[in-house]
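Hi there,

Here is the structure I promised to pass along. Have a look at it first, and then read on for what turned up.

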Amino acid sequence: MANLKEELASLKIDHQARASSGRRGGTIAIVAILLLAAAAGGWYWSRGAQAASVKTAVVTASSGTGGATPGAVLNASGYVTARRRATVSSKVTGKVLEVFVEEGKAVKRGQVLARLDDSQIRAAMAVAQAQLVTARGAAAEDEARLREAERQYTRLNQLVQEKVVGRAEVDTAQSSVESLKARIELAKHQVEVAQSQVAALEVDLSDMVVRAPFDGVAISKDAQPGEMISPVSAGGGFTRTGICTIVDMSSLEIEVDVSESYINRVKSDQPVEAILDAYPDWRIPAHVITTVPTADRQKATVRVRIGFEELEPRILPDMGVKVSFYNEKQAEAKPGDAPPKPRLLVPKAAVRSEGTQSIVFVVRDGRVERRAVTTGPGNSDQVEILSGLNSGEKIVVEGVATLADGARIQER
């Protein structure tokens, strides 16, 4: 019986030892969790925190719509401009009474666009016309007196031969005739002066009517009735310098800036294909008019003028346009010919120049691979890759300047 009690006592659980053992196990678990968290943080820091943040893009083959055009020797962008464009103003300063033009309306050469206040000129015209009438009346009176003096002189000559009158009377009559002739000459000059004054005022009066200098379309209306207009800027900004702006739509053409590096690819009468930004699916045939013989030293470009083969109402001044220059063989290609090989176009920012070599960075498994490429013609924001890349590869387009071969990256 005693042995049984001792055996039962030995089976009693020691709660103090159990509590102590539990505390040790919990501490070990916490330490293990902290070590795992530190390891994960270190891995994340080594894999992500040191990786460069870049923007990437997938290389795709262009079919020619939008950016560069297949088969073109050069691509550029510019604007539609008008060779004949004028802000019509008056020749004199005056107050606008009426304006007969509205934006978007067609005008003909010589059409009245506006009328100015001509009340003062008309008053001056009335005075000048009265002076002209007076000068003509004085000249007519002197001519009548001259005829009378000539008859008197003739009679006195007859009488002096008959010795009825003396020679002195004849001399007096002759002097009167000569004096009247001189007065008539002066009166004629006065009539001419009065006529010139009237003609000058008629010109001033016609200047009060503003007319269109050529056929075109009004694209802006710059003055309203009641405003002052002047051919020069005056009045502290309260005086208008034009009635409206007219554009000759038959003089529309394209102006583009071509880089000096590629200007040797442009020739007069060279075929060109134009695509307006407003109508990206409309291909407009055109040709090179001329290359302006001067360069812009700030932009290192040369201006090229391009003419449309046929104008349409959809073409408007100041529209943005992209153009593709072709050589003669490309322009003569027939519709049944094999289509040109698609080209690889990438943003210019993706290409870095190192000496005479062009390189890009290709993304592979979170790292970049430095690769040399051969570039071709491009436009303002894209460049063609002739060799070194394949369609579908991913390249870095932003953050290229800070990368090196094999660097880790993190895509944005």
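**Helices α3 and α4**

Let me begin with Q131, which sits in helix α3. Please keep in mind that this is a predicted model. With a relative accessible area of 42%, Q131 is partly exposed. Its C-alpha atom is 8.4 Å from that of V191, although the two residues are 60 apart in sequence. Setting aside residues up to four places away in sequence, Q131 touches A194 and Q197.

V191 and A194 are both among the buried residues of α4. The others on that list are V170, A173, V177, L180, I184, A187, V198, L201, L205 and D207. Helix α4 covers residues 167-207, and at 1.5 Å a residue its 41 residues should span 60 Å. The C-alpha atoms at its ends are 61 Å apart, so the two values agree.

**The chain overall**

Zooming out, the chain has five helices and 24 strands. Of its 412 residues, 33% are buried. The accessible surface is about 25,200 Å², and carbon and sulfur atoms account for 53% of that. Taking contacts between residues at least 6 apart in sequence, 74% join residues at least 24 apart.

**The open sheet**

One sheet is open and has four strands, in the order β4-β12-β9-β6, with antiparallel pairing. Its edge strands are β4 (85-88) and β6 (106-107), each of which pairs on one side only. Two bridges link β6 to strand β9 (residues 216-221) in the antiparallel sense. On the β9 side, G216 is the bridge partner of V107.

**The barrel**

There is also a closed barrel of six strands, which runs β3-β13-β16-β15-β14-β17 with antiparallel pairing. Ignoring direction, neighbouring strands of this sheet are turned by 40° against each other on average. Strands β3 and β17 (residues 320-325) run antiparallel and are joined by six bridges. In that pairing, L74 stands opposite F325 of β17.

T81 is another residue to look at here, as it lies in β3 (residues 74-82). Is T81 buried or exposed? Its relative accessibility is 18%, so T81 counts as buried, the cut-off being under 20%. Apart from neighbours within four places in sequence, T81 is in contact with S251, L252, E253 and E255.

**Nonpolar cores**

In soluble globular proteins, nonpolar side chains tend to be buried together. In this model, the largest nonpolar core has 30 residues, and V101, L113, I243 and I246 have the most contacts inside it. At least two residues of this core come from each of β5 (94-99), β7 (112-116), α3 (119-161), α4 and β12 (244-247). The two helices we started with are thus both on that list.

A second, separate core has 25 residues, including L74, V80, V258 and A274. L74 is the residue that stands opposite F325 in the barrel.

Back in the largest core, which residues does I243 touch? Not counting residues up to four places away in sequence, they are V88, S89, V96, V99, A114, V210, K221, D222, A223 and I229. V88 falls within edge strand β4 of the open sheet, and K221 within strand β9.

Happy browsing, and best wishes!

How values were computed:
Residues are numbered from 1 along each chain as its sequence is written. This is a predicted model: local features need pLDDT of at least 70, side-chain atom pairs count only at pLDDT 80 or more; totals for chains, interfaces and linings use all residues. Side-chain values use heavy atoms; hydrogens and water are left out. Buried means under 20% relative accessible area, exposed over 50%, partly exposed in between (1.4 Å probe, protein chains only). Contact means heavy atoms within 4.5 Å. Accessible areas come from the Shrake-Rupley method with a 1.4 Å probe; for residues, only the protein chains shown count as cover. The expected span of a helix is 1.5 Å times one less than its number of residues. Two strands pair if DSSP finds at least two bridges between them. A nonpolar core is a set of buried Ala, Val, Leu, Ile, Met, Phe, Trp, Tyr and Cys residues joined through side-chain atoms within 4.5 Å. Axes are lines fitted to C-alpha atoms, for helices over the stretch in contact, and angles run from 0 to 180 degrees between N-to-C directions.
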